[in-house]
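Hi everyone, thanks for making time today. Let me put the model up on the screen.

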Amino acid sequence: MGSCANSDVFKLIEKLHCRAARIIYNLPKDMASEDVLRHVQWPTFFMYYKLETLRLFFRAHSESLRPPHTSRFFVGRQKI
């Protein structure tokens, strides 16, 4: 068992993400993955992951996901 952010899985998915961009846009195979994503203006898969994690925390903080028994873990800021 381990963490939710398994780096091997991310690397594999990112490799497939770049391969898809190469195929769709007919780019050369020897082009670097970073250059491929920059050329097609696609964010990395890891960027999608970070954004979804941020959305999840926001939803949990804004009570749309928060169960009643966990409310003590999320405290709003007090105005000074």
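I'll start with the whole chain and then turn to one arginine and the pocket beside it.

First, the ground rules: this is a predicted model, where local features need pLDDT of at least 70, side-chain atom pairs count only at pLDDT 80 or more, and totals for chains, interfaces and linings use all residues. Residues are numbered from 1 along each chain as its sequence is written, and side-chain values use heavy atoms, with hydrogens and water left out.

So what do we have overall? The protein chain has three helices and zero strands, with helices being DSSP runs of H or I, at least four residues, strands runs of E, at least two, both numbered from the N terminus. Of its 80 residues, 16% count as buried, meaning under 20% relative accessible area with a 1.4 Å probe, protein chains only.

Now to Arg22, in helix 1, which spans residues 7-25. Is Arg22 buried or exposed? Arg22 counts as buried because its relative accessibility is 16%. Setting aside neighbours within four places in sequence, Arg22 is in contact with residues including Leu27, Pro28, Ala32 and Val36; contact means heavy atoms within 4.5 Å. Val36 is 14 residues away in sequence, yet the two C-alpha atoms are 6.9 Å apart. My favourite detail is that the Arg22 side chain reaches the backbone oxygen of Met31 at 2.4 Å.

Arg22 also helps line the largest pocket, together with Lys15, Cys18, Arg19, Ile23, Leu27, Lys29 and Ser33. Helix 1 supplies the largest share of that lining, five residues. For pockets, we use a 1 Å grid over the protein atoms alone: a pocket is an open set of points where a 1.4 Å probe fits, with protein on both sides within 12 Å along at least five of seven lines, and lining residues have an atom within 4 Å of a point.

How values were computed
Buried means under 20% relative accessible area, exposed over 50%, partly exposed in between (1.4 Å probe, protein chains only). A polar contact is a pair of N or O atoms within 3.5 Å; within protein, one must be able to donate a hydrogen and the other to accept it, and residues adjacent in sequence count only if both atoms are side-chain atoms.
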